Structure formats: C-alpha cells, structure tokens
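Student: I'd love a close look at one part of this protein: its largest nonpolar core. Could you walk me through what builds it and what surrounds it?

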Amino acid sequence: MDLSIVIPLYNEDESLPELAAWIERVMQENNFSYEIIMVDDGSSDNSWDVIETLREKNSQILGIKFQRNYGKSAALNEGFKAAKGDVVITMDADMQDSPDEIPELRRMILQDGYDIVSGWKKKRYDNTLTKNIPSKLFNAAARKTSGIKLHDFNCGLKAYKNKVVKSVEVYGEMHRYIPVLAKWSGFKKVGEKVVEHRPRKYGVTKFGWDRFINGFLDLVSILFVGKFSKKPMHIFGLWGTIVFFLGSCIWVYLGIAKFFFAKFSMTDRPIFYVGLISIVIGTQLFLAGFLGELISRNSSDRNQYLVEKKVGIN
C-alpha cells in the first residue's frame, strides 16, 4: 500500500465529509493505493456517525473510536499501530492542512530518502499574539535543545517512513516531538517542507495556552529521558558527586569556623540552613521527577486506551 493517512480528531463532524472527499480526489489523481485512518478521540458530537457513513461510501476509510478523550498523542499512537502504508501521513481534521501537499511529501520520503518530512506553516492565519508569537518562541527552544532544525515542530502535517512510526511510542503530549523520538531511535534524516496553512473553516481550536507550558515540560522530559534512561548513573553519579562535594565544603568551613573562631554554634549560621534546605529540596524534586518519568515510561498500561468501536480494523 502506498499511503496511510492518519487523522486524529475531536468534535470535527462538520469538516470530515469535505476532508475525506478532498483526500480521495488527490489519491485518485495520483493513482495511489491508500487508507484513511480516522481516530475519534472521544468526540461528544456526531463525528463517529459521520465516519461510519463515510466508510459506507469509501471502504478505504477506517475508524477507531476512543471511549473517552485521551489526547492527540494517544490518537496518533493507535493510528500508527494500524497503519499499513509504505509512507504514513498525519494531518489534522480541521481543514487547515491541505491534502494537495501529500504527493510531494511522499516523494520526499521515497525519492529524497528522508525518514521524516515535517510541514512548515510559514504563513499562518492564527492570532499573532495568542498563537504565532508563543509558537515561534516554543519552536526556537525546541530547535536549540533538540538539535533538530525544524521551524514548526507542532505542525500536524508530517510524512514518515512506515518503519519510523512502528519504532516510536507516542504518549502523554509527545506528539509534538515525534522527530525527537525518532532521532533517539536512530532515524536522523529529517526534512522540512513549506506547506499551506488554510484559515479555519469549521469549529474552534481545541488548544489553549496550556499547550505551550505542557510542550516545554514535555521537551525537557523527552530530552532528559532520551539521554539518560539507559545510563541513569551518568546523571545520578554526577549530581551526587557535586552535591556531596558542596556539602563537604560547607561542613569543612563550618567546622573550621566552629573550632578555631567559634563565638556561636554552627546552627546559628544562616548558611547552614540555606545549604541544607537547598540540597535536600533540590535533590528530592529532581530525583522525584526523573524517577516518575522512568516509572511512567515503563508502566505496563502507559499506552492502553479504551477503544469503544472500530470499523475496517481488526
């Protein structure tokens, strides 16, 4: 099969018929064999009914319906599991991504040899203050910390080799960082293509300011775990040595001050409490976050979701 098109969606019943028809037209014009995997992330509108109706008209449309809302990462993860195409395309269901970009994205994967091609919405129609400026800051931080030179990590329109999506596990809010996950899995050829960003035609945005905060925290988490999950002693040992050395220096200083210049007790010195509290609280918070991330990644049910219905998927 040439293409698997994975579409995560939440309350998008208005846009689905037009989107499906557009994709079908592009597939027929290019004579692609394909499947469209629509993953309903617990919608409260008629999205699933629309998917079932579309399936009756086009057997290439497959559907997965979550019992409740889990988030975009969960929807993509389930879509990736079901994808059979040589090239996997992801796109949003709100009609802001253009299916006309699909042939060129596929060509870049197959002919140019990229593992991943990410869309870059160079000209955006979003609100400048609430979305464009925060997005630029977020992407700049992601480029700097990950070493991957993409302008738009959060663009939903991306293309992957099938083996890439089968090699990464997307959970939590990690959908923004699939290129980073892929890099840690050994897929290093990441490309970028300027794509059309269309004005929203149906519905309202499902994302708020919290996505930028969560995005930053996820970036720190994924980089940290990607680097140290297999060699935690490199971080624990380093910080343990530094903390032990600083603590020893404080105690040597306080000991000398006590026995040679003592006019008051060690516990009367403010530095005693500052050093003690900083070391204890800082170390506990840091280790608690790291251990919590390790537990989350190794939890047996971290990517188990309640699927209510499926159509066209065994």
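**The largest nonpolar core**

Tutor: Happy to. Of the 36 residues in the largest nonpolar core, the ones that touch the most other members are Ile-37, Phe-66, Phe-80, Phe-153, Tyr-160, Tyr-177 and Ile-178. Please keep in mind that this is a predicted model.

Let's begin with where the members come from. Strand S2 (34-40), strand S3 (61-66), H3, helix H5 (128-146), helix H6 (162-165) and helix H7 (178-184) each supply at least two residues of this core. The largest share, 5 residues, comes from H3. That helix deserves a pause: 10 of the 11 residues of H3 are buried, so it is largely enclosed by the rest of the structure. Its buried residues include not just nonpolar side chains such as Leu-76 and Phe-80 but also Lys-72, Asn-77 and Glu-78.

Now for the aromatic rings. A search of the whole structure finds 2 aromatic pairs. In one of them, Phe-66 and Tyr-70 meet edge-to-face, with 5.3 Å centre to centre and 85° between the planes. Phe-66, with a relative accessible area of 0%, is buried. The other pair is Phe-80 with Tyr-160, also edge-to-face, at 5.8 Å centre to centre and 70° between the planes. Here Phe-80 lies in helix H3 (residues 72-82) and Tyr-160 in strand S6 (residues 158-161), so the pair ties together parts that are 80 residues apart in sequence. Phe-80 counts as buried at 1% relative accessibility, and Tyr-160 counts as buried at 1% as well.

Ile-37 gives a view of the core from a single side chain's neighbourhood. Leaving aside neighbours within four places in sequence, Ile-37 is in contact with Ile-5, Val-6 and Ile-7, with Leu-62 and Ile-64, with Gly-79, Ala-82 and Ala-83, and with Ile-313. Apart from this core lies another, of 35 residues, and among them are Ile-5, Met-91, Leu-105 and Cys-155. Ile-5, then, is a member of that other core and also a contact of Ile-37.

It helps to set this against the whole chain. The chain has 10 helices and 8 strands, and 47% of its 314 residues count as buried. Among contacts between residues at least 6 apart in sequence, 81% join residues at least 24 apart. On the outside, the chain exposes about 16300 Å², with carbon and sulfur atoms supplying 58% of it.

A few loop residues are worth a look on your way out of the core. Ser-15 is found in the loop between strand S1 (3-9) and helix H1 (16-29), and is buried, with a relative accessible area of 0%. A polar atom of the Ser-15 side chain lies 2.5 Å from the backbone oxygen of Ala-93. Asn-11 has its place in the loop between S1 and H1 too, but is partly exposed, with a relative accessible area of 23%. Most residues other than glycine have a negative phi. Asn-11, however, has a positive value, near 55°. Met-95 likewise has a positive phi, of about 70°, although it is not a glycine. Met-95 lies in the loop between strand S4 (87-90) and helix H4 (102-110), and counts as buried at 0% relative accessibility.

Note on methods: Residues are numbered from 1 along each chain as its sequence is written. Side-chain values use heavy atoms; hydrogens and water are left out. Helices (H or I, at least four residues) and strands (E, at least two) are DSSP runs, numbered from the N terminus. Buried means under 20% relative accessible area, exposed over 50%, partly exposed in between (1.4 Å probe, protein chains only). Contact means heavy atoms within 4.5 Å. Accessible areas come from the Shrake-Rupley method with a 1.4 Å probe; for residues, only the protein chains shown count as cover. Rings of Phe, Tyr and Trp (its six-membered ring) pair if their centres lie within 6.5 Å; planes under 30 degrees apart count as stacked, over 60 as edge-to-face and the rest as tilted. A nonpolar core is a set of buried Ala, Val, Leu, Ile, Met, Phe, Trp, Tyr and Cys residues joined through side-chain atoms within 4.5 Å. A polar contact is a pair of N or O atoms within 3.5 Å; within protein, one must be able to donate a hydrogen and the other to accept it, and residues adjacent in sequence count only if both atoms are side-chain atoms.
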